[in-house]
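Let's walk through a few charged side chains together. Have a look at the structure first, then we'll take it one question at a time.

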Amino acid sequence: FMTKEEIHRICKKFEIKNYTINPDGSIDVDGNVELGVYKLDKIPLKFNNVSGYFNISYNNITSLEGCPKYIGETFYCNSNKLTSLEYFPNKINHEILIKDNPLESLEGYNGDYDKLSCDNKDGLILKLKRKEKFKIIGKL
């Protein structure tokens, strides 16, 4: 759990403006969040709502932990090291760009596949559907 001072320091470092710190330590941002090309291993803050776009492309991020629950515009997440979509946002209004990630599964993604742009999308969707089918069969 970060202190407000730590959150302010990180926001200043990444030039995140117009933010509100929530009681749970997450932040809402009125505008865009630009965290691309920082060589980050993880998302540095816990985001809640971001009204603009959210860009974490060209980093070394392995987990979406800390990702906003809501993104008002596009989610840019190209060229990272994600293998799964755990902690994926609940709602994104525009596109989702996650090319050049070694995704093994789309588990965690519950949105519209037409908005999703990733490598081997058809294969990953098929894999997820197969897994869901086995879950159903396993329960019978």
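Q: Which residue does Glu107 meet in a salt bridge at 3.9 Å, N to O?
A: A salt bridge here is a side-chain nitrogen of Lys or Arg within 4 Å of a carboxyl oxygen of Asp or Glu. This is a predicted model, where local features need pLDDT of at least 70 and side-chain atom pairs count only at pLDDT 80 or more, while totals for chains, interfaces and linings use all residues. Residues are numbered from 1 along each chain as its sequence is written, and side-chain values use heavy atoms, leaving out hydrogens and water. At 3.9 Å, the partner of Glu107 is Lys135.

Q: Which residues does the network of salt bridges with shared partners join?
A: Glu107 and Lys135 pair up in a salt bridge. Glu107 also forms one with Lys131, with the closest N and O atoms 2.8 Å apart. Sharing partners, these bridges make one network of Glu107, Lys131 and Lys135.

Q: How far apart in sequence are the parts that Asp24 and Lys46 tie together?
A: Asp24 forms a salt bridge with Lys46, at 3.6 Å between the closest N and O atoms. Asp24 sits in the loop between β1 and β2 and Lys46 in the loop between β3 and β4, so the parts tied together are separated by 22 residues.

Q: Which side chain makes a polar contact with the side chain of Asp28?
A: A polar contact is a pair of N or O atoms within 3.5 Å; within protein, one must be able to donate a hydrogen and the other to accept it, and residues adjacent in sequence count only if both atoms are side-chain atoms. At 3.3 Å, the side chain in question is that of Asn22.

Methods
Helix = DSSP H or I, 4+ residues; strand = E, 2+ residues; numbered from the N terminus.
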